[in-house]
Amino acid sequence: MTSSDDANDEAGTMGTADGTHRSVTIRDVAKAVGVSPSTVSRAFARPGRVSAETSQRIREAADRLGYRVKTVTSLNMTDSHHLSGLIAITVADLGNPIFADYVKSAQHECLRKGFGLLVIDFEETNLIERKALNLAMNHVDGLILSSSRSSDATIRKMAEIKPLIALNRPIRGVQSIIPDTMQGLEEALDHLIRLGHSEVTYLSGPEASWQDGRRWRTLSELCKKKQVRLRRIGAESPSYSGGYRYSEEFMRNPTTAVICYNDIVAIGFIKALQAKGIRIPEEVSVVGIDDTPVSSLVTPALSTIRLPRKEPAQLAVDEIVNQLRHARNGNGTPSTTFLKSTFIPRSSTAPASNDVHMFKMR
């Protein structure tokens with residue numbers, strides 16, 4: 001995605017600690033006024049969308065700092081002063097029920113607010129996401145990026161141009177909403193410990209996923225604290241087939257319990273072990289993450305960590321519409337909201353088996 005260094009930047013310089021000078025940027029003006037960079041951008045490019053009082057403060061700060069406005073070329077932004085009535089949401093994979101729920105929730109909330117929804121499925125691929133967003137920027141009023149694979153810098157530039165909310169990933173300077181597995185993972189681990197498990201394998205998610213890194217770090221800290229042996233099997237595809245393929249690596253060094261990146265991986269993994277004649281949960285206990293509808297329908301019913309499925313996208317739409325309608329003018333520092341999770345025990349977990357290390361002999 002090609003773009004200028006900063007939307008609406010620059011001209012004018014600021015002194016730095018080492019005595020050198022650098023160009024004044026949109027972020028400098030935003031910091032001086034106490035608003036978001038996107039608010040500064042709108043004050044110059046679309047003044048009708050920022051209150052007169054805030055616009056005046058921005059222009060005074062810009063004059064004081066020596067900031068000068070250039071023509072906006074980043075990401076094909078238009079100069080229209082009118083809302084298009086459309087919000088875009090990106091998802092990593094519409095085949096994943098979690099992302100499907102995000103889309104449904106966002107669409108329902110958009111309709112209630114009088115907006116339409118543009119859906120971009122980037123198929124876990126940064127290139128598709130980047131190209132689709134570049135094409136969409138001319139036509140949407142705001143962006144919801146769910147599990148984005150774009151760089152932090154790219155997302156910050158987009159947030160300077162359009163109201164933007166990031167889901168499942170914190171980004172400095174960008175409003176973020178994160179369904180967090182921390183509480184649910186601790187509840188799941190305590191449940192497994194009560195069942196006598198002292199070793200756990202984590203089946204990881206995509207390498208570029210912030211959520212996967214967060215889950216692994218959380219699990220590592222919890223297992224260290226609770227003296228549980230932990231191993232990790234590196235990412236395949238976060239899909240049913242990916243979960244199925246994890247079984248070969250798992251069998252080389254099996255553990256009595258497994259926690260999976262998501263429910264889809266867990267279900268594929270269970271089916272692979274069952275095909276090898278391994279009984280779930282009598283010989284291996286399995287825990288998923290997400291609590292998708294299918295998790296309670298499979299055999300055995302999947303123990304899982306329930307994450308909020310509708311609330312993240314609904315909150316994101318509300319925040320964007322509030323900004324567009326001047327209910328909020330982006331005052332203050334963008335924040336990260338964490339939504340709690342909880343563990344749901346079902347039939348895929350049971351007391352630890354002493355036979356697990358015999359698997360390699362089968």
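Visitor: Is the crossing of helix 4 and helix 11 right-handed or left-handed?
Guide: The crossing is right-handed in this predicted model.

Visitor: Which residues make the contact there?
Guide: Helix 4 contributes Tyr102, Ser105, Ala106, Glu109, Cys110, Arg112 and Lys113. From helix 11 come Pro312, Ala313, Gln314, Val317, Asp318 and Val321.

Visitor: And how do the residues of that contact divide into nonpolar, polar and charged?
Guide: Seven are nonpolar, two are polar and four are charged.

Visitor: What about the angle, and how far apart are the axes of helix 4 and helix 11?
Guide: Helix 4 covers residues 97–113 and helix 11 covers residues 311–324. The two pack at about 35°, and their axes are 8 Å apart.

Visitor: Back to Cys110 for a second. Buried or exposed?
Guide: Cys110 is buried, because its relative accessible area is 1%, and the cut-off for buried is under 20%. Cys223 is also a buried residue, at 1% relative accessibility.

Visitor: How many disulfides, then?
Guide: The count is zero disulfides. The test used is a pair of cysteine sulfur atoms within 2.5 Å.

Visitor: Zoom out. How many helices and strands does the protein chain have?
Guide: The chain has eleven helices and 14 strands.

Visitor: What share of the residues is buried?
Guide: Buried residues account for 53% of the 362 residues in the protein chain.

Visitor: And the accessible surface, what does it come to?
Guide: About 15,500 Å² for the protein chain, with 50% of that belonging to carbon and sulfur atoms.

Visitor: What share of the contacts joins residues at least 24 apart?
Guide: Taking contacts between residues at least 6 apart in sequence, 71% join residues at least 24 apart.

Visitor: Got a specific pair for me? How far apart are the C-alpha atoms of Arg130 and Thr154?
Guide: They are separated by 9.3 Å, and the two residues are 24 apart along the chain. Arg130 sits in helix 5, residues 126–136. With a relative accessible area of 29%, Arg130 is partly exposed.

Visitor: And Ala62, where is that found?
Guide: Ala62 belongs to helix 3, residues 52–65. It is buried, with a relative accessible area of 2%. From Ala62 to Asp28 the C-alpha distance is 8.7 Å, across 34 residues of sequence.

Visitor: Next, Ile171. Where is its place?
Guide: Ile171 is in the loop between strand 6 (164–167) and strand 7 (175–179).

Visitor: In a loop, okay. Buried or exposed?
Guide: Ile171 counts as buried because its relative accessible area is 4%, against a cut-off of under 20%.

Visitor: What is Ile171 in contact with, leaving aside its neighbours in sequence?
Guide: Beyond neighbours within four places, Ile171 is in contact with Asp152, Ile155, Arg156, Ala166 and Ser176. For Arg156, the C-alpha atoms are 7.9 Å apart, and the residues are 15 apart in sequence.

Visitor: Now the backbone. Which residues does a cis peptide bond join, with omega about 10°?
Guide: Ile280 and Pro281. Pro281 falls in the loop between helix 10 (263–275) and strand 11 (285–290). A cis bond also runs from Thr299 to Pro300, where omega is near -5°. Pro300 is in the loop between strand 11 and strand 12 (303–306).

Visitor: Why bother pointing those out?
Guide: Because most peptide bonds are trans, and most residues other than glycine have a negative phi.

Visitor: On phi, then: what is the value for Gln227?
Guide: Phi of Gln227 is near 60°, so positive in a residue that is not glycine. Gln227 is in the loop between helix 8 (210–226) and strand 9 (229–233).

Visitor: And is Gln227 buried or exposed?
Guide: Gln227 is exposed, with a relative accessible area of 73%.

Visitor: What about phi of Asp291?
Guide: Phi of Asp291 is near 60° and positive. Asp291 lies in the loop between strand 11 and strand 12, the loop that holds Pro300.

Visitor: Buried or exposed, for Asp291?
Guide: Asp291 is buried, with a relative accessible area of 6%, whereas Gln227 is exposed at 73%.

Key
Residues are numbered from 1 along each chain as its sequence is written. This is a predicted model: local features need pLDDT of at least 70, side-chain atom pairs count only at pLDDT 80 or more; totals for chains, interfaces and linings use all residues. Side-chain values use heavy atoms; hydrogens and water are left out. Helices (H or I, at least four residues) and strands (E, at least two) are DSSP runs, numbered from the N terminus. Buried means under 20% relative accessible area, exposed over 50%, partly exposed in between (1.4 Å probe, protein chains only). Contact means heavy atoms within 4.5 Å. Accessible areas come from the Shrake-Rupley method with a 1.4 Å probe; for residues, only the protein chains shown count as cover. Axes are lines fitted to C-alpha atoms, for helices over the stretch in contact, and angles run from 0 to 180 degrees between N-to-C directions. A crossing is left-handed if the near helix is turned anticlockwise from the far one by less than a right angle, and right-handed if clockwise. Ala, Val, Leu, Ile, Met, Phe, Trp, Tyr, Cys and Pro count as nonpolar, Asp, Glu, Lys and Arg as charged, and the others, Gly among them, as polar.
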